[in-house]
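User: Please take one part of this structure and look at it closely, then work outward to its surroundings. I would like a single connected account.

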Amino acid sequence: MAGKLYCFDKLLHKSCATDKLQVNVMSETREDYLPGCGCKIYQDPAEFTFTTDSVFLAHFPHLANKAKALELGCGTGAISFYLAARGAAEVTGLDVNPRMVELFNRSAEANGIFWPDEARSAFLQREELTETGCAACTERAQGTSPTGKEKSACHETAAGKTSLPDKPKVRALQWDIKDIKTFCKTETYDLVAANPPYRNSGHERIVGTGACHEKTAVLEDFFAAAAYALHSRGRFALVQLPERFMESMELAIQYNLQPKKLQWVHASVDKPAWIFLLEMVKNGSYGLEVLPPLIMYNADGSLTEQAKKQMEKG
């Protein structure tokens, strides 16, 4: 299956980077697998299917152990599932397209990592009780509890035995990223990732219009949402077109997201870069690391060893 996806991505890896129109695509649900991690992913060709851009971005940023991650404009969730496979404890995807959210959550369920709202709410309520404290918690902390092992009734009532399991928990919500303040408290996430629409002008695609063109959110909206949602020193990972590099750098400085790591991605060694990968740190210090370019294809059209390693990562 992974080999088939390499071929599939070869056809689509620049689909948002061109102005070609696509028509006559029927809506359906297709079952695919993510290269490397083997996660099942459901997609609809009439909407927009994941490409190599998402694969590269998902493996690009530093990911803290048991990180809490957020994907803005998640689509069917390729980036989120890769982050979960890399070790994130909790990943939430936000998208305004209800079809994408439906397919994302169906994939999460199929992979056994879906976190329903009721389970998440119970866990968060338990976390809040732990942070605010109660009599039994205080006694245990101060060593004055008769046995030192009692579990307070408030914890039992609020969450029962709910706790964060070892395996990651992933979910998607239909949410406008411009309304990020109604979704979460500020400084909630360790990592935010985004593969936003590339185009703010030009011919519009018939398929995946909202995924490739700035119809519901512009690039600045993604930076604003990331800056709000991230912890101080949290990371924002972005993929975009070279023509929007300077715009991205200006927005990074405007929202106090210091650029820390950059990589240009080329279809072949003799071609100009078609995208760039950028990692930023909220409230970070100066210091940008520019990685060697990532080359996708050899002269004969086969994947480079560099690209294969990206595809094979879990």
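Analyst: Arg-106 sits in helix 4, and the model in which it is described is a predicted one. The residue is partly exposed, with a relative accessible area of 38%. Leaving aside neighbours within four places in sequence, Arg-106 is in contact with Thr-29 and Tyr-42. Thr-76 is 30 residues from Arg-106 in sequence, and the two C-alpha atoms are 9.4 Å apart.

Helix 4 (98–110) is also one of the elements that give two or more residues to the largest nonpolar core. That core has 44 residues, and those with the most contacts inside it are Leu-34, Phe-81, Leu-83 and Met-296. Besides helix 4, the contributing helices are helix 2 (52–59), helix 3 (78–86) and helix 11 (305–312). Strand 5 (169–174), strand 6 (189–194), strand 7 (230–240) and strand 9 (273–282) also contribute. Helix 3 supplies the largest share, six residues. In soluble globular proteins, nonpolar side chains tend to be buried together.

Helix 3 is therefore the element to follow next. It is mostly covered, with seven of its nine residues buried. These are Ala-78, Ile-79, Ser-80, Phe-81, Tyr-82, Leu-83 and Ala-84. Two of the buried residues, Phe-81 and Leu-83, are among those with the most contacts in the 44-residue core. Not counting residues up to four places away in sequence, Leu-83 touches Ala-58, Leu-63, Ala-69, Ala-88, Val-91, Leu-191 and Ala-193. After helix 3 comes Gly-87, whose phi is positive, near 125 degrees.

Ala-58, touched by Leu-83, is part of helix 2, which is mostly covered as well: eight of its eight residues are buried. The buried set in helix 2 is not restricted to nonpolar side chains, for it includes Thr-52, Asp-53, Ser-54 and His-59. The axes of helix 2 and helix 3 come within 9 Å and cross at roughly 30 degrees. The two helices are therefore roughly parallel to each other, and their crossing is right-handed. From helix 2, the contact uses Ser-54, Val-55, Leu-57, Ala-58 and His-59; from helix 3, it uses Ala-78, Ile-79, Tyr-82, Leu-83 and Arg-86. By class, these residues are seven nonpolar, two polar and one charged. An α-helix has 3.6 residues a turn, so residues three or four places apart point the same way. Within the contact, Val-55 and Ala-58 in helix 2, and Ala-78 and Tyr-82 in helix 3, can be viewed with that spacing in mind.

A second, separate core has 32 residues, and it includes Ile-177, Ile-180, Phe-183 and Leu-251. Leu-94, in strand 4 (residues 90–95), has contacts with three of these named residues: Ile-177, Ile-180 and Phe-183. Leu-94 is buried, with a relative accessible area of 0%. Its contacts beyond four places in sequence also take in Leu-70, Glu-71, Leu-72, Gly-73, Cys-74, Leu-173 and Trp-175. The C-alpha atoms of Leu-94 and Ala-172 are separated by 5.7 Å, although the residues are 78 apart along the chain.

Leu-251, another residue named in the second core, takes part in the packing of helix 9 with helix 10. Helix 9 (residues 219–229) and helix 10 (residues 245–254) pack at an angle of about 30 degrees, with axes 10 Å apart. These helices are therefore roughly parallel to each other, and this crossing too is right-handed. Leu-219, Glu-220 and Phe-223 in helix 9 meet Glu-247, Ser-248, Leu-251, Ala-252 and Gln-254 in helix 10. The residues of this contact divide into four nonpolar, two polar and two charged.

Two loop residues deserve a note on backbone geometry. Most residues other than glycine have a negative phi, and most peptide bonds are trans. Asn-256, in the loop between helix 10 and strand 8 (257–266), has a positive phi near 55 degrees. Its relative accessible area is 40%, so Asn-256 is partly exposed. Glu-187, in the loop between strand 5 and strand 6, likewise has a positive phi, of about 55 degrees. Glu-187 is partly exposed, at 38%.

As for the whole protein, there are eleven helices and eleven strands. Buried residues make up 52% of its 314 residues. Among contacts between residues at least 6 apart in sequence, 72% join residues at least 24 apart.

Conventions: Residues are numbered from 1 along each chain as its sequence is written. This is a predicted model: local features need pLDDT of at least 70, side-chain atom pairs count only at pLDDT 80 or more; totals for chains, interfaces and linings use all residues. Side-chain values use heavy atoms; hydrogens and water are left out. Axes are lines fitted to C-alpha atoms, for helices over the stretch in contact, and angles run from 0 to 180 degrees between N-to-C directions. Helices (H or I, at least four residues) and strands (E, at least two) are DSSP runs, numbered from the N terminus. Angles under 35 degrees count as roughly parallel, over 145 as roughly antiparallel, 65 to 115 as roughly perpendicular and the rest as oblique. A crossing is left-handed if the near helix is turned anticlockwise from the far one by less than a right angle, and right-handed if clockwise. Contact means heavy atoms within 4.5 Å. Ala, Val, Leu, Ile, Met, Phe, Trp, Tyr, Cys and Pro count as nonpolar, Asp, Glu, Lys and Arg as charged, and the others, Gly among them, as polar. A nonpolar core is a set of buried Ala, Val, Leu, Ile, Met, Phe, Trp, Tyr and Cys residues joined through side-chain atoms within 4.5 Å. Buried means under 20% relative accessible area, exposed over 50%, partly exposed in between (1.4 Å probe, protein chains only).
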